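Open the model in your viewer and keep the selection tool at hand. The tour moves from the whole chain to the ligand, then to single residues.

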Amino acid sequence: MKTQYYMHTKWAGKNIIFYEKTGSTNIDAKRLAQEGAPHGTLVVAEEQTDGRGRRGRSWQAPAGKNIYFSMILRPKFAAEHASMLTLVMAMSVARAIRERSGLETGIKWPNDIVVNKKKICGILTEMTLEERAIGYVVVGVGINVNQQVFPEDIRETATSLFCESGRIFSREELLQSVMEAFEADYETFLKTEDMSLLRKDYNAWLVNTDSQVKVLEPTGDYVGIAHGINEKGELLVERENGQLEIVYAGEVSVRGICGYV
Ligand code: BTN
């Protein structure tokens, strides 16, 4: 029998549901949450045939190489705090990758993990409301671990732990480290229900800090210097005329001036 790679992952005694092949773990997690799956349920897949990315994009998810998971959370806090969970997860993944591989890892605001200016992990967070309170949150994470070749269209912008180090990594150990880091970071987040206590740490991971970024807004793009996040997880950008802008995640894109980052 094929060994499922996550088999020994310890996740604080919580549910782990595994699919050999599925469309999208985010879709599965949303269905399971509707059916009553408890807080902390982790949905893991070996392969996704319809992986979802942010902004309606797809997420390539070949079999047996990478990590694809979605976590169901049922937080008690107000709905406006939920988008910050994506930043919390980004920190946890960045820390786990650095710990396991020693690679110089960074976060491109709000939640792309990058190594050598290329994306190694993406996070898609989705939430449902029930009478204006959070019903559940699904945090979906794709980490490129042992993938050796990427399709032409993303070759310039995507990478994996293997591509950056020439080594094969245990997906189980990496997933375990992500879970341990997230448990600790989530606990810290709950103390204030915002990024107050995590902000300094997050800003240290941020590749955009004090660098020039282009903010792509529906009302017009502008260039400025990013100065890290505030306690709400918003990016502070100083325009060329000195005016400070507060950039909300999800509403705009931020591009580095050189290359992908
Ligand atoms: C992004 O566009 O950067 C977000 C990508 C998120 C991909 C992960 S893989 C596991 C989970 N299931 C999905 O369908 N998407 C997320």
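**Whole chain**

Begin with the two domains, whose C-alpha centres lie 24 Å apart. This is a predicted model. Colour residues 2–204 as domain 1 and residues 208–256 as domain 2, following the domain assignment of the protein chain. Now select the residues where the two meet. On the domain 1 side, 14 residues are in contact with domain 2. On the domain 2 side, 18 residues are in contact with domain 1.

**The ligand**

Next, select the ligand and the 20 residues around it. Which of them come nearest? They are S24, Q48, R52, R54 and K119.

Take three of these in turn. Start with Q48: a polar atom of its side chain lies 2.9 Å from a ligand nitrogen. Move to R54 and show its backbone. A backbone N or O atom of R54 sits 2.7 Å from an oxygen atom of the ligand. Then go to K119. Here an N or O atom of the side chain is 2.6 Å from a ligand oxygen.

Now put a surface on the ligand. Taken alone, the ligand exposes 410 Å². The protein buries 99% of that area.

Switch to the cartoon. Which elements give two or more residues to the shell around the ligand? Select α1 (25–34), β3 (67–73), β6 (118–130) and β7 (133–143). Strand β6 gives the most, with four residues. Then colour the shell by residue class: six residues are nonpolar, ten are polar and four are charged.

**D112, beside K119**

Stay with K119 and look for its partner within the protein. The side chain of K119 makes a polar contact with the side chain of D112, at 3.2 Å. Select D112 and its strand, β5 (residues 112–115). Is D112 buried or exposed? D112 has 6% relative accessibility, so it counts as buried; the cut-off for buried is under 20%.

**D28, in helix α1**

Go back to helix α1 and select D28. D28 is buried, because its relative accessible area is 6%. What does D28 contact beyond its neighbours within four places in sequence? Show Y19, T22 and V43. For a long view, draw a distance from D28 to E234. The two lie 206 residues apart along the chain, and their C-alpha atoms are separated by 30 Å.

**E126, in strand β6**

The last stop is E126, in strand β6. E126 has a relative accessible area of 24%, so it is partly exposed; that class runs between 20% and 50%. Show what E126 touches, leaving out residues up to four places away in sequence: N26, K30, Y136, V137 and V138. Zoom in on K30. The side chains of E126 and K30 make a polar contact at 2.8 Å.

Finish with one more distance, from E126 to N241. Their C-alpha atoms are separated by 36 Å, with the two positions 115 residues apart along the chain counted as their distance apart.

Definitions and conventions
Residues numbered from 1 in each chain as written. Predicted model: local features only at pLDDT ≥ 70, side-chain atom pairs only at ≥ 80, totals over all residues. Heavy atoms only, no water. Near = heavy atom within 4 Å. Polar contact = N/O pair within 3.5 Å; in protein donor to acceptor, adjacent residues only side chain to side chain. Areas by Shrake-Rupley, 256 points an atom, 1.4 Å probe, with all protein chains shown as cover. Nonpolar A, V, L, I, M, F, W, Y, C, P; charged D, E, K, R; others polar. Buried < 20%, exposed > 50% of the residue type's maximum accessible area, 1.4 Å probe, protein only. Domains from an automatic or database assignment. Contact = heavy atoms within 4.5 Å.
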